[in-house]
Each structure stands twice: as structure tokens, then as C-alpha cells.
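Here is a friendly walk through the structure below, meant to be read with the 3D view open. Have a look at the fold first, then use the bullets as a guide.

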Amino acid sequence: MPLIAPSLLAANFLKLKEECDMLNESEADYFHLDVMDGVFVPNISFGLPVIEQIRTTTKKICDVHLMIVQPERYAEAFKKAGADILTVHIEACTHLHRNLQQIKSLGMQAGVSLNPHTPVDSLKDVLQDIDMVLIMSVNPGFGGQSFILQTLQRIRQLRKMIDEQGLNTRIEIDGGVTLENAASIVRAGADVLVAGSTVFKSADPKATIRQLKHIA
Ligand code: DX5
Ligand code: ZN
């Protein structure tokens, strides 16, 4: 059964408390929180004060996805704001291994995200230091885009690398996840499904989360 990580980027920010309550009552496993700086990606979302507030509403795992340059400058601040998992982009890290050590030494789980063009085997030599790999299945920056089909092949390849090294690293898929493609994503080897529009734009978000959870 996959873990479900609804992305609050697609939530109604005027009703943030209700949206958080809905997730708390649902079968969602993580709160997926997308932070964008307008430099690493061509969009700006929300940051520390918003995450700090969201943290007070939930005991669920706060899964913070940093789409920012120089993420090492903010790791400690995101820990203080309440992040449980901190994911950085490999394309934004000159010293990825050091960044991962920093995140773990702060007491968070370390995630690494790959843009669609970044080869999965670029993680080969650091895989044992990563708690979760986030494979972007769209170009980061916006919700509501279509799933890039080649991602399925990338998931299978990463699954094989993880299994061959005997690791427990989780694979999270982010972007364009729908009720139609979720089963094939899980069958390819994904452990965690991020879903923004599919959850928050649906008529019954809680039911949609339940469907995603029991899809495979
Ligand atoms: C995109 C973000 C995603 C986004 C997914 O850059 O990382 O988490 O919210 O949105 P959907 O599920 O609508 O593609
Ligand atoms: Zn994300």
C-alpha cells in the first residue's frame, strides 16, 4: 500500500485550517509542503512562517520539498519550523553528501529530488545516505501538469538500484499523479505518491485520498 502525500500547493489558502483538518481526518500519511524561491524554479510558493503554522495543526509527517538554491542555508530554519523530512534537489547542491549529513545531523530524514532530465544513477554513490528519493514526474514549479511517462522507467531503474544495494530508501513520485495512473506508478516500484490537484480539486478529497491509498 503506498504512502499518500497530498501537496498543499493545491489547497485553498483562505481555508488552510479546514484543509489541514481534512488531511488529519483522512488516510494521508504525509503533508507535502512545496517551497519555491523563484530562482531554482520559475515560481514562488510559501515558506517558513506558513509551514510553522501548518505544523501546529498536525501530528502527521511534514514532508518539505525545497525547490530552492543553496538549501543548506535554510536546513536549520526548516527543522525549527517543523519539517520531519527535508528534500533538496540534486541540481541545487554542489556538495550533496555534505547537505545530507547536515539534514540528518539536525534530526530530519534526508530526501533528494531529481528533475526529469537528471539520470537516476547520478545517485548511485550516495544512495545509502538517502532516506527518500523524490523523482519529479513533471518539471518542478507548478501543480496541475501532466505526468511524464518516461518516469515509470526511471522508477523501475531506481527500484532495482535500491534493491540491489539492500536499502530501505523510499521512492516518492511528485507531479501529475492521478487516479488513472497511480496504480502503474506503484507497480513500477514507488512507495510514496504526492498528489496536489487530484486531491484538492476533487469533489471529495478524503475519498480521493482513500482511493489513492488502496489503488494498487
Ligand atoms: C511541483 C510540486 C508538486 C505539485 C504537484 O513543483 O513539487 O508537489 O504540487 O501538483 P500536482 O499533483 O497537481 O501535479
Ligand atoms: Zn513537491
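A residue counts as buried under 20% relative accessible area, as exposed over 50%, and as partly exposed in between. That scale is handy throughout, and Q70 shows the middle class: at 39% relative accessibility, Q70 is partly exposed. Please keep in mind that this is a predicted model.

**Overall fold**

- The chain is built from eight helices and eight strands.
- Its radius of gyration is 16 Å, which agrees with the value near 17 Å that a compact globule of 216 residues would have.
- Measured out along the principal axes, the C-alpha trace spans about 45 × 35 × 30 Å.
- Of the 216 residues, 54% count as buried.
- Sequence-distant contacts are well represented: among contacts between residues at least 6 apart in sequence, 65% join residues at least 24 apart.

**Surface and charge**

- The accessible surface of the chain comes to about 9600 Å², and carbon and sulfur atoms account for 51% of that area.
- The chain carries 21 positive and 25 negative charges, and the mean positions of these two sets are 2 Å apart.

**Cysteines**

- How many disulfides does a search of the whole structure find? The search finds zero.
- Why is C62 without a bond to another cysteine? The closest cysteine sulfur, in C20, is 8.5 Å from the sulfur of C62, and that is too far for a bond, because a disulfide needs the two sulfur atoms within 2.5 Å.
- C62 is found in strand 3, and C62 is buried, with a relative accessible area of 0%.
- The residues that C62 touches, leaving aside those up to four places away in sequence, are F31, L33, R55, G82, A83, D84 and I85.
- One of these partners, F31, is 31 residues from C62 along the chain, yet the two C-alpha atoms are separated by 5.0 Å.
- C93 is buried too, with a relative accessible area of 10%.

**The loop with Q70**

- Q70 sits in the loop between strand 3 (61–67) and helix 3 (75–81).
- Most residues other than glycine have a negative phi.
- Q70 goes the other way: although Q70 is not a glycine, its phi is positive, at about 45 degrees.

**Two buried residues with many partners**

- L127 belongs to the loop between strand 5 (109–114) and strand 6 (132–136).
- Is L127 buried or exposed? L127 is buried, with a relative accessible area of 0%.
- Beyond residues up to four places away in sequence, L127 touches V133, L158, M161, I162, Q165, L167 and T169.
- L127 and N168 are 41 residues apart along the chain, and their C-alpha atoms are separated by 9.9 Å.
- I171 lies in strand 7 (residues 170–174), and I171 is buried at 0% relative accessible area.
- With residues up to four places away in sequence left out, the contacts of I171 are V133, I135, I155, L158, R159, I162, G189, A190, D191 and V192.
- I171 and N139 are 32 residues apart in sequence, and C-alpha to C-alpha they are 17 Å apart in space.

**Helix 8 and its surroundings**

- Which residues of helix 8 are buried? They are P205, A207, T208, I209, L212 and K213.
- These buried residues pack against strand 1 (3–6), helix 1 (16–25), helix 6 (182–188), strand 8 (192–195) and helix 7 (197–200).
- T208 lies in helix 8 (residues 205–213) and counts as buried, at 6% relative accessibility.
- Leaving out residues up to four places away in sequence, T208 touches L179, T198, V199 and S202.

**The start of the chain**

- M1 lies in the segment before strand 1.
- At 72% relative accessibility, M1 counts as exposed.
- Apart from residues up to four places away in sequence, M1 touches K213 and H214, and K213 is one of the buried residues of helix 8.
- M1 and V192 are 191 residues apart along the chain, while their C-alpha atoms are separated by 9.2 Å.

Definitions and conventions
Residues are numbered from 1 along each chain as its sequence is written. Chains are lettered from A and ligands numbered from 1 in the order in which they are written. This is a predicted model: local features need pLDDT of at least 70, side-chain atom pairs count only at pLDDT 80 or more; totals for chains, interfaces and linings use all residues. Side-chain values use heavy atoms; hydrogens and water are left out. Buried means under 20% relative accessible area, exposed over 50%, partly exposed in between (1.4 Å probe, protein chains only). Helices (H or I, at least four residues) and strands (E, at least two) are DSSP runs, numbered from the N terminus. Contact means heavy atoms within 4.5 Å. The radius of gyration is taken over C-alpha atoms; the globule rule is 2.2 Å times the number of residues to the power 0.38. Accessible areas come from the Shrake-Rupley method with a 1.4 Å probe; for residues, only the protein chains shown count as cover. Lys and Arg count as positive and Asp and Glu as negative; His and the chain ends are not counted. The place of a charge is taken as NZ of Lys, CZ of Arg, CG of Asp or CD of Glu.
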